[in-house]
Amino acid sequence: MIALAMTDSTLAQRLLDGDRRALARAISLVEDDRPEGWELVKEVYPHTGKAAVIGFTGPPGVGKSTLIGALTKARREAGRTVGVLSIDPSSPFTQGALLGDRIRLSEHFLDQGVFIRSMANRGALGGLSEAALQAALLLDAAGREDVFVETVGVGQAEIDIIDHADTIVLVLMPGSGDSIQALKAGVMEIPDVIVINKADHPLTDTMVREIRSVLSLANLDRSPEEAAKRWRVPILKTEATQGTGIEELVERLDEHREHILAAGQLEERRRRNLHNEVLAIATARMRRRLEEELSEDAEFKRLLEEVVKRRLDPASAATMLLERGV
Ligand SMILES: Nc1nc2c(ncn2[C@@H]2O[C@H](COP(=O)(O)OP(=O)(O)OP(=O)(O)O)[C@@H](O)[C@H]2O)c(=O)[nH]1
Ligand SMILES: [Mg+2]
């Protein structure tokens, strides 16, 4: 026990010192939902909140990883340390995705200033989102100045780690019309920056126009004063493989950070995100507890049987369970 405690405090210290092996070990602990992982996060949490966390989301294959690779290069040239978390919820394809990310980010693998980690749902009880957020905190505690988080998704299927970013970048490519529909329908929240990658495609400008019109619709219900104070979502064109447009993207990302800092929005955003996070963890734990309690419960089995036989509807069954006080 004592030996274990000593090891753990050494691990926390090594992590705070920025040791990459400690960081890798720590992320594995949270990914595997091990109690030591949670303890570690608890210990280093007061040291977090310094990193600039940028989330990249968008449909599969639009070039998110390539873009992050190019940004990583730019940030390293500016002398900043970088952490990259690539979250892949589609476990059957995980190996492929891991390999893909490795190849795209391979030029950074030997750089001590870059830490890259892919995370997939290994069936950890806490869920991937929770583990990913803990991992982001660990990168922050380890002194990574920029943390880039990549998730695949359009709309509701998105994993909520993206909500914990200070800046959210939606990456699209010409032809990914579904995403414009999602924006239009309000399924997807308006991001802070929109990037149209693979901009060598002839349909790029059409897409820019379409997005502009969706964004102006989203602004219609605001007063002119409100609209003036508001961050204007830039739509950028990039060719990540060539590095084209990356400089401008870096500038816009910096501007966004300055904007939210000046407007006091960073704190507000983080407060809201942390509120959601505490609720999410509490909800996940209550669900787990409920599932455990019900797994061998005779009354539950009986009620379920009634529902299956169509003698009782699902909502009434749930009400009866809760009223019984599980
Ligand atoms: N022509 C062109 N190809 C690109 C560009 N950016 C990325 N690609 C290519 O598009 C493919 C997908 O790129 P990724 O960076 O893996 O895309 P991703 O969005 O991370 O993909 P997932 O993580 O699988 O969702 C790769 O073959 C890239 O080389 C670009 O600007 N132009
Ligand atoms: Mg990727």
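Two residues are in contact if their C-beta atoms, placed from the backbone, lie within 7 Å. With that in hand, here are the legends for a few close-up views of this predicted model.

**Figure 1. Thr-72 and its partners from elsewhere in the chain.** Thr-72 touches Val-82, Val-84, His-108 and Val-114, once residues up to four places away in sequence are set aside. Thr-72 itself sits in helix H4, which covers residues 64-77. A residue counts as buried if 20 or more other C-beta atoms lie within 10 Å of its own; Thr-72 has 23 such neighbours and is therefore buried. One of its partners, Val-82, is 10 residues away along the chain, and the two C-alpha atoms are separated by 6.6 Å.

**Figure 2. Gly-113, in the loop that leads from H5 to strand S3.** Here we look at the loop between H5 and S3 (114-120), where Gly-113 has its place. Gly-113 is partly exposed, because 17 C-beta neighbours lie inside 10 Å. Beyond its neighbours within four places in sequence, Gly-113 is in contact with Arg-76, Thr-81 and Val-82. Take a moment to find Thr-81: in sequence it is 32 residues from Gly-113, yet the C-alpha atoms of the pair are 4.9 Å apart. Val-82 may look familiar, as it is also touched by Thr-72.

**Figure 3. The shell around ligand 1.** This view takes in the 17 residues around ligand 1, of which Gly-63, Lys-64, Ser-65, Thr-66 and Glu-239 come nearest. Two helices, H4 and H5 (94-104), each supply at least two residues of this shell. How do the residues of the shell divide by class? Five are nonpolar, seven polar and five charged.

**Figure 4. Helix H2 against helix H3.** Helix H2 (residues 20-31) and helix H3 (residues 35-44) have axes that come within 7 Å and cross at roughly 120°. H2 and H3 are therefore oblique to each other, and their crossing is left-handed. From H2, the residues Ala-26, Leu-29 and Val-30 meet Glu-36, Gly-37, Leu-40 and Val-41 of H3. By class, five residues of this contact are nonpolar, one is polar and one is charged.

**Figure 5. Asp-33, between H2 and H3.** Staying with the same pair of helices, this view turns to the loop between H2 and H3, where Asp-33 lies. Although Asp-33 is not a glycine, its phi is positive, at about 60°. Is Asp-33 buried, partly exposed or exposed? Asp-33 has 17 other C-beta atoms within 10 Å and is therefore partly exposed.

**Figure 6. Helix H2 against helix H6.** H2 has a second packing partner to show you: helix H6 (residues 128-141), whose axis comes within 9 Å of that of H2 and crosses it at roughly 160°. Angles over 145 degrees count as roughly antiparallel, and H2 and H6 are therefore roughly antiparallel to each other. The crossing of H2 and H6 is right-handed. On the H2 side the contact is made by Leu-23, Ala-26, Ile-27, Val-30 and Glu-31, and on the H6 side by Ala-131, Gln-134, Ala-135, Leu-138 and Leu-139. Eight residues of this contact are nonpolar, one is polar and one is charged. Look out for Ala-26 and Val-30 of H2, which meet residues of H3 and also take part in the contact with H6.

**Figure 7. Helices H12 and H13.** The axes of H12 and H13 are 9 Å apart, and the two helices pack at an angle of about 165°. H12 and H13 are therefore roughly antiparallel to each other, and H12 passes H13 in a right-handed crossing. Glu-299, Phe-300, Leu-303, Glu-306 and Val-307 of H12 meet Pro-314, Ala-317, Met-320, Leu-321 and Arg-324 of H13. Sorted by class, this contact has seven nonpolar residues, no polar ones and three charged ones.

**Figure 8. Arg-310, between H12 and H13.** The loop between helix H12 (298-308) and helix H13 (314-324) holds Arg-310. Arg-310 is not a glycine, but its phi is positive, at about 65°. Arg-310 counts as exposed because it has 7 C-beta neighbours inside 10 Å.

**Figure 9. Stepping back to the whole protein.** The secondary structure comes to 13 helices and seven strands. Of the 326 residues in the protein, 37% are buried. Among contacts with a separation of 6 or more, 75% are between residues 24 or more positions apart.

Key
Residues numbered from 1 in each chain as written. Chains lettered and ligands numbered in written order. Predicted model: local features only at pLDDT ≥ 70, side-chain atom pairs only at ≥ 80, totals over all residues. Helix = DSSP H or I, 4+ residues; strand = E, 2+ residues; numbered from the N terminus. Buried ≥ 20, exposed ≤ 12 C-beta atoms within 10 Å, placed from the backbone. Axes fitted to C-alpha atoms, helices over the stretch in contact; angles between N-to-C directions. Parallel < 35°, antiparallel > 145°, perpendicular 65-115°, else oblique. Left-handed = near helix turned anticlockwise from the far one by under 90°. Nonpolar A, V, L, I, M, F, W, Y, C, P; charged D, E, K, R; others polar. Near = placed C-beta within 6 Å.
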